[in-house]
Amino acid sequence: FLLSIASTWESVNCFVAVAGRSVSLVGQLHSAVPKEVVKQSSDQASEDPDMKAYAAGYSTVFEEVPCSVCKPSAGKLPTDLKGSYYRSGPAMFSAGSIVPPKTSIIQPRNPPVPDGQDPSRMVRHPYEGDGAILGVSFEGGDSNQATVRFRYIRTVALTNERKKGAKLYTGMESTRELGSDCALGLGNDWQLPLYRHHLQPGLNKLRKNTSNTRAIYWGKRLLSTWEGGQPYKMDALALSTEGRSRLGGAIRRDEDPFGSKMVVDSKQNRALFYGLEQDAKQSEITLYEFGEDFRLIDGTAGRTYFPLPGFAILNDFAATQNYAVFVQPPMEANAMQFLFKKEPGLSTVLQKGSSLLHLVPRTESSREPKTLTIPDTGSVDANLQFINAFEKGDSVVIDAIQSEAVQPGNALPEWPWVDSLQKFKMGSG
């Protein structure tokens, strides 16, 4: 197999669809853009970025938008742009900051407060923020307008903290306190933390399902997903929360984990997901493959199980015609800590060395599973993210990107977290 890995700060091939054609932008940029514009862009790139503007993205949104018709502030929308765009992410960093309706019988003990005013209500890492979903629908034609909605996902955790007006879920606090000394600097990375949830399985007060990772639309269903818990089903028009979903029984039990990534096979019109059950001695992948109606292919045959050696963490995967592709970094579990506490930063250790690449056969594939060792280049593959994967003859070609190591010895800064370049470098690869 062929593996191409780029650092987060290196160039990666970028393709954009132009009039039905895929055009490579790499190597063409300077020839297509006037020299004075290129020089101006280079000069601007040498200046320090506006970190206060960047940090504003980690601010609680205190007001939802049920529905608003918007027009572009400049220019016009393309007349052939028609459809809906959904995006989700962390949006509430001060716990319990959306007041229940005035007609609600239960009102919070403590009203919402601005970010930073009450440290006991602030999450320690942005990834712990409660999830919200943005929907933008374009009408097409000459309307030159879009309909915007923004709503929080009404998870069980958000509802509980909303009633109390306080932070109730602290299972990840001990891991976040380790700062950049956690998992070779990647455990608490700002943009892509390796540790995303407590390791206590099932539904509990330690493993907070924030539903803040991805918005997925497939089979006329809108889902909000999170790494390690059930997805939440949303109304695609109003963005109201309909509740946790086991996807028509595809997820066997309420306590079964479910990943946040969906890979679409456009040739067969399939959607692939995975779940990961973690244990100190052996973990197990469940690979789900759905048809266009969001039902498992051939009933339960659309669910494949694959054992992994030891404790495993997976945050991404890819798919080819015959395989689902996973990378398992070298992890070691402290048996006693894992048995009693299951706090990620204290019960597991990310090792240096070679990672394993698993090729798991898809539902209707006749191929055998394969596990290969990725040569150790001194880099860490723990936060490796897939860009593309495909088969070429007997080879599996994979394009991926990985985070750079974070310097150890830095504590996570307090909110507003990354309002300076120094703070950003303290916790991001």
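Here are some exercises with worked solutions on this structure, which is a predicted model.

## Exercise 1: A buried ion pair

Find the salt-bridge partner of Lys-208, and work out where in the chain the two residues sit.

**Solution.** Begin with the overall count: the structure holds 21 salt bridges. In one of them, Lys-208 pairs with Glu-161, with 3.1 Å between the closest N and O atoms. Now place the two ends. Lys-208 is in the loop between helix 5 (173-176) and strand 8 (214-218), while Glu-161 belongs to helix 4 (residues 156-164). The partners are 47 residues apart, and the pair links distant parts of the chain. To finish, check the burial of each partner: both Lys-208 and Glu-161 are buried.

## Exercise 2: Two salt bridges and a network

Take Glu-364 and Arg-270, then Glu-391 and Arg-367, and describe what each pair connects.

**Solution.** Step one is the contact itself: the side chains of Glu-364 and Arg-270 form a salt bridge with an N to O distance of 3.2 Å. Step two is location. Glu-364 lies in the loop between strand 20 (356-361) and strand 21 (370-373), and Arg-270 in strand 13 (residues 270-277), so this pair ties together parts that are 94 residues apart in sequence.

Step three is exposure. Glu-364 has a relative accessible area of 47% and is partly exposed. Arg-270 has 11% relative accessibility; since buried means under 20%, Arg-270 counts as buried.

Now the second pair. Glu-391 and Arg-367 form a salt bridge whose closest N and O atoms are 3.9 Å apart. Glu-391 sits in strand 22 (residues 385-392) and Arg-367 in the loop between strand 20 and strand 21, a separation of 24 residues. Arg-367, with a relative accessible area of 37%, is partly exposed.

Finally, look for shared partners: Asp-265, Arg-270, Glu-289, Arg-362 and Glu-364 are joined into one network by salt bridges.

## Exercise 3: Two arginines to compare

Work out what surrounds the side chains of Arg-303 and Arg-214.

**Solution.** Start with Arg-303, which lies in strand 15 (residues 303-309). Arg-303 is buried but has no salt bridge, and the nearest side chain of opposite charge, that of Asp-256, is 7.1 Å away. A salt bridge needs the nitrogen and the carboxyl oxygen within 4 Å, so Asp-256 at 7.1 Å does not qualify.

Next, see which backbone oxygens the side chain meets. The Arg-303 side chain reaches the backbone oxygen of Ala-250 at 3.0 Å, and a polar atom of this side chain lies 3.5 Å from the backbone oxygen of Gly-249. Beyond neighbours within four places in sequence, the contacts of Arg-303 include Arg-252, Thr-286, Leu-287 and Tyr-288.

Then turn to Arg-214 in strand 8. Arg-214 is partly exposed, at a relative accessible area of 27%. Its side chain makes a polar contact with the side chain of Ser-260 at 3.2 Å. Among the other contacts of Arg-214, again leaving aside neighbours within four places in sequence, are Ser-88, Leu-223 and Lys-261. For a link across the sequence, consider Gly-89: Arg-214 and Gly-89 are 125 residues apart in sequence, yet their C-alpha atoms are 6.8 Å apart in space.

## Exercise 4: Counting disulfides

Decide how many disulfides there are, using Cys-67 and Cys-70 to show the reasoning.

**Solution.** The count comes to zero disulfides. For Cys-67, the nearest cysteine sulfur is that of Cys-70, 8.9 Å away. The cut-off for a disulfide is 2.5 Å, so Cys-67 is in no disulfide. Coming from the other side, Cys-70 has Cys-67 as its nearest cysteine sulfur at 8.9 Å and is likewise in no disulfide. As for accessibility, Cys-67 is exposed at 53%, and Cys-70 is partly exposed at 31%.

## Exercise 5: Mapping the nonpolar core

Identify the elements that build the largest nonpolar core, then follow one of its residues outward.

**Solution.** The largest nonpolar core has 15 residues, and those with the most contacts inside it include Tyr-274, Ile-285, Leu-287 and Phe-326. Two or more residues each come from strand 13, strand 14 (282-290), strand 15 and strand 17 (323-328). Strand 13 gives the largest share, three residues. Now follow Tyr-274: setting aside residues up to four places away in sequence, Tyr-274 touches Phe-258, Ile-285, Leu-314, Phe-317 and Phe-326, among others.

Definitions and conventions:
Residues numbered from 1 in each chain as written. Predicted model: local features only at pLDDT ≥ 70, side-chain atom pairs only at ≥ 80, totals over all residues. Heavy atoms only, no water. Helix = DSSP H or I, 4+ residues; strand = E, 2+ residues; numbered from the N terminus. Buried < 20%, exposed > 50% of the residue type's maximum accessible area, 1.4 Å probe, protein only. Lys, Arg positive; Asp, Glu negative; His and termini not counted. Polar contact = N/O pair within 3.5 Å; in protein donor to acceptor, adjacent residues only side chain to side chain. Contact = heavy atoms within 4.5 Å. Core = buried A, V, L, I, M, F, W, Y, C linked by side-chain atoms within 4.5 Å.
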